[in-house]
Amino acid sequence: MLCICKFDLKKQLQFPPTPYSLATQCFAFSSHQLYQWILHSRLRAHVPVPDETHFRDPDTVHLFCAKALKVSAKRAFLPEAKQLHTHLIKFGFCHVLSLQNQILSVYLKCKETEGADKLFEELPGRNVVSWNIMIRGIVGCGKDNGTNPHLGFSYFKRMLLEKVAPDDITFNGLIGVCAQFHDIDMGMQLHCFTEKLGFDLDCFVGNALIGLYGKCGLVEDARRVFNVVPCKDSVMWNVMIACYVLNCLSVDAFSMFNSMRLDGANGDEFTFSSLLSICDNKEDYDFGKQAHSLVLKQSFDSDVLVASALINMYAKNENITDARRVFDKMAIRNVVAWNTIIVGCGNNGDGNEVMKLLREMLREGFFPDELTISSTLSSCAYTCAITETLQAHAFAVKLSFQEFLSVSNSLISAYTKCGSITGAFKCYRLTAEPDVITWTSLVNAYAFHGLAKEATEMFEKMLSSGIIPDRISFLGVLSACAHCGLVTKGLRYFKLMTNVYHIVPDSEHYTCLVDLLGRYGLINEAFGLLSSMPMEVEPETLGAFIGSCKLHANIGLAEWAAEKLFIKEPEKVVNYAVMSNIYASHKHWYDVERVRKMIGEKRDAKVPGCSWIEIAHQVYSFVSSDKMKNQPEALEMYNTLKMLLGPMKEENI
């Protein structure tokens with residue numbers, strides 16, 4: 001009505017006015033205002049603006065508004081979209097369903113659910129596009145906006161009641177919700193519905209169903225969906241391969257890849273990155289190297305996604321040389337590639353190389369993220385480099401990354417490994433909302449430094465704060481109890497883990513418990529626990545038991561455990577050496593000679609223990625008899641140590 005009042009009332013108006021006839025007469029009033037607003041809007045940078053003379057043409061305005069709404073939806077320009085909505089009402093385009101659908105899409109992309117719902121209810125004629133926008137938009141809003149994603153199913157029911165036929169986009173969105181929330185029951189009902197309507201033969205719907213079954217671990221059902229579709233596109237092949245990869249079925253994934261090649265599809269960057277991601281273990285390493293040869297043959301090694309997967313594969317298999325070679329050959333890199341090589345070097349204990357990579361990354365203009373910083377800190381923890389840890393910590397504070405939980409947790413771990421329990425505790429105090437990993441890291445920090453009282457107190461605080469501990473939390477507190485002989489507390493925590501939190505203990509928990517009982521002198525109880533374990537006894541558990549037997553001079557049970565240990569690890573020389581020392585302490589010289597002969601038959605060499613010190617940002621490691629090596633720094637340090645030992649002996653330090 002406001003728009004009509006501005007007209008020259010002497011003109012004869014068509015009644016009832018059609019949208020375009022009304023819009024044509026409105027342009028004298030509002031097209032100039034729209035034109036001036038567009039010139040000063042953010043949309044001008046993304047949408048070409050017609051001349052003002054062309055702005056009086058309804059078709060031009062319609063086309064421009066459609067493009068502007070599309071950009072507003074993509075870039076979440078909610079204020080501009082609302083202004084465009086107002087102008088469309090003034091122009092009389094409120095009955096053009098295509099534009100109304102675009103406005104609806106903008107509101108939902110910007111999570112303006114109330115406005116979207118109001119507009120949707122006022123639409124004069126809703127088509128399948130309108131319903132799809134509403135269903136998929138509600139899902140996209142999610143719980144962050146206080147919206148129930150399952151509300152999409154209520155719209156789907158209304159859609160069916162209004163006799164609007166769903167299409168492949170409808171089913172794809174609804175099945176995606178089921179996959180997101182692992183709602184397999186609803187997903188199966190939708191699967192039956194798609195079969196009734198014939199959409200089970202559609203690649204788009206089939207991909208969603210395979211993704212649903214793959215995430216829920218129903219690989220056979222996913223394969224049946226795959227087999228039904230007659231004409232498979234490359235996306236479907238990739239989704240099926242990804243299903244096998246997600247469920248750690250490497251042989252099936254590569255078998256599917258071979259079938260894909262026989263079908264005439266060679267694979268793309270998504271195919272190879274998915275296959276390489278499952279080759280991060282020794283069992284599938286050979287498959288990964290074969291995949292690398294195909295990557296080179298088809299020139300996918302220049303793709304950032306594939307190259308990053310190759311770096312990760314080689315690094316996880318401790319082949320950092322080839323990982324670095326792939327990284328150095330990359331023509332284009334992104335933050336993900338840098339993070340992958342930094343994580344790989346850090347996990348392989350090369351802390352100095354990690355710091356060099358971080359500096360190189362900054363020099364090349366890449367901005368690190370929280371994963372970069374946490375990976376750098378983890379590598380500093382691995383090498384116990386306190387100077388690098390302090391530098392990385394300062395860098396994290398400068399970039400405001402300390403607020404991220406992953407960075408805070410890495411800082412706690414790094415300071416712990418570097419021997420600074422005070423620094424670890426300060427990082428914990430600065431964490432705004434510590435999670436179970438934060439608490440566990442601090443419990444492990446105290447346990448690592450032999451502070452069993454502080455470790456158990458921190459564990460109790462974690463329980464009282466409402467945090468639910470996991471198996472690693474219990475492993476840390478059990479380790480603390482084992483090292484300090486807190487038998488009663490250790491047994492109580494073990495019962496708490498199994499009876500209250502229903503966590504099934506693994507071999508590491510049993511190792512801590514055997515060590516706890518054995519150190520305290522309860523050898524028979526430890527032996528009974530070993531005999532009643534519901535799983536096969538691991539070498540670490542037997543080793544802990546033998547150590548307790550040595551401590552309490554129980555040679556009989558030590559022999560029993562050693563026999564089992566020699567079978568499990570026949571090539572590990574250190575096991576024979578421990579048993580030889582036990583025999584020697586009891587003067588069983590015949591058995592000493594027998595075990596030493598067994599050592600002579602083994603080709604493995606004992607790994608020497610080492611110590612290290614950090615001087616001028618460089619970590620130096622020392623092993624026995626390294627004085628003879630050409631290391632002037634080592635000789636200087638030994639001379640200084642010799643000079644200090646004299647006064648220390650005199651003062652009985």
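**Figure 1. Residues 1-29, where pLDDT stays under 50.** Let's begin at the start of the chain, in what is a predicted model. Residues 1-29 stay below a pLDDT of 50 throughout, yet the model still gives this stretch 32 contacts beyond four places in sequence.

**Figure 2. Helices H1 and H12, the two ends of the confidence range among the elements.** Helix H1, spanning residues 2-5, has the lowest mean pLDDT of the elements, at 37. At the other end sits helix H12, residues 219-228, whose mean of 94 is the highest. For background, the average pLDDT over the protein is 80, and 78% of its residues reach at least 70.

**Figure 3. Threonine 340 in helix H19.** Here we zoom in on one residue of helix H19, which covers residues 335-347. Threonine 340 counts as buried because its relative accessible area is 15%, and the cut-off for buried is under 20%. Leaving aside residues up to four places away in sequence, Threonine 340 touches Ser308, Ile311 and Asn312.

**Figure 4. The protein behind the close-ups, with 35 helices and two strands.** To place the views above, it helps to step back to the chain of 653 residues, 44% of which count as buried. Among contacts with a separation of 6 or more, 59% join residues 24 or more positions apart. The protein exposes about 34,600 Å², and carbon and sulfur atoms supply 56% of that area.

How values were computed. Residues numbered from 1 in each chain as written. Predicted model: local features only at pLDDT ≥ 70, side-chain atom pairs only at ≥ 80, totals over all residues. Heavy atoms only, no water. pLDDT = per-residue confidence, 0-100. Helix = DSSP H or I, 4+ residues; strand = E, 2+ residues; numbered from the N terminus. Contact = heavy atoms within 4.5 Å. Buried < 20%, exposed > 50% of the residue type's maximum accessible area, 1.4 Å probe, protein only. Areas by Shrake-Rupley, 256 points an atom, 1.4 Å probe, with all protein chains shown as cover.
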